[in-house]
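This report covers charged pairs, helix packing and one loop residue. Keep the structure in view while reading.

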Amino acid sequence: MNDTIRQKSRTLLQQALGDGSQEAHLADNIEQAIYTLHEDNDTDYKDAIRSHVLNLKDSTNPMLKENVLSGVIDPKDFAEMDASRMASMDRRQSDDVMRRNSIYGSMNMEQPQPMKRDLDDPDAYNP
């Protein structure tokens, strides 16, 4: 891995976190952890850096950045997160709704409905 790429990655992470020595140290730790995970594959390393920077800058998910800065999320744990784990709760819920709708659509279903059973014949199925 090229040192220039790693330095640029640290700079991008620091810009996403904010100015200051604490942010610079945190950016160094995050970059080192991402490098350790992806040192054999430049493309995966660059994709991971890009994903983490974009998620830190996401204005709809300020809690992620706050949790990283306050130490609630450890730099190593943050480096191991994928995009779905970094997403805000609202984003996760909307992704879940889209996933369910896609499954229902592929099965030609509107919404799953509870089965109705005849109390006189409990084994009979009435859709």
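The structure holds 7 salt bridges. The model is a predicted one, and three of the pairs are set out below.

| Pair | Closest N to O distance | Placement |
|---|---|---|
| R6 and E31 | 2.7 Å | helix 1 and helix 2, 25 residues apart |
| R10 and E31 | 3.4 Å | helix 1 and helix 2, 21 residues apart |
| R100 and D96 | 3.1 Å | both in helix 7, 4 residues apart |

**Salt bridges between helix 1 and helix 2**

Take R6 and E31. Their closest N and O atoms are 2.7 Å apart. The pair ties together distant parts of the chain, with R6 in helix 1 and E31 in helix 2. R6 has a relative accessibility of 11%, so it counts as buried. E31 is buried too, since its relative accessible area is 0%.

E31 also meets the side chain of R10 in a salt bridge. This pair again joins distant parts of the chain, from helix 1 to helix 2. The two bridges belong to a wider arrangement. R6, R10, D28 and E31 form a network of salt bridges.

R10 deserves a closer look. It sits in helix 1. Which residues does R10 contact, leaving aside neighbours within four places in sequence? They are A27, D28 and E31. Q32 can be placed relative to R10 as well: the C-alpha atoms of the two are separated by 8.9 Å, and the residues lie 22 apart along the chain.

**How the two helices pack**

Two packed helices are described by the angle between their axes and the distance between the axes. Helix 1 spans residues 3-17 and helix 2 spans residues 21-38. Their axes are 8 Å apart, at an angle of about 130°. Helix 1 is therefore oblique to helix 2. The crossing of helix 1 past helix 2 is right-handed.

Which residues make the contact? From helix 1 come R6, S9, R10, L13, Q14 and L17. Helix 2 supplies E23, A24, L26, A27, D28, I30, E31, Q32 and Y35. By type, the residues of this contact divide into 7 nonpolar, 3 polar and 5 charged. R6, R10, D28 and E31, the members of the salt-bridge network, appear in this contact.

**A salt bridge within helix 7**

R100 and D96 pair inside one helix. Both lie in helix 7, 4 residues apart, which is about one turn of the helix. Their closest N and O atoms are 3.1 Å apart. Are these two residues buried or partly exposed? R100 counts as partly exposed because its relative accessibility is 44%. D96 is partly exposed as well, because its relative accessible area is 29%.

**A buried loop residue**

S88 lies outside the helices. It is placed in the loop between helix 6 (83-86) and helix 7 (89-106). Is S88 buried or exposed? It is buried, because its relative accessible area of 14% falls under 20%. Not counting residues up to four places away in sequence, S88 touches T60 and N61.

Key. Residues numbered from 1 in each chain as written. Predicted model: local features only at pLDDT ≥ 70, side-chain atom pairs only at ≥ 80, totals over all residues. Heavy atoms only, no water. Axes fitted to C-alpha atoms, helices over the stretch in contact; angles between N-to-C directions. Helix = DSSP H or I, 4+ residues; strand = E, 2+ residues; numbered from the N terminus. Parallel < 35°, antiparallel > 145°, perpendicular 65-115°, else oblique. Left-handed = near helix turned anticlockwise from the far one by under 90°. Contact = heavy atoms within 4.5 Å. Nonpolar A, V, L, I, M, F, W, Y, C, P; charged D, E, K, R; others polar. Buried < 20%, exposed > 50% of the residue type's maximum accessible area, 1.4 Å probe, protein only.
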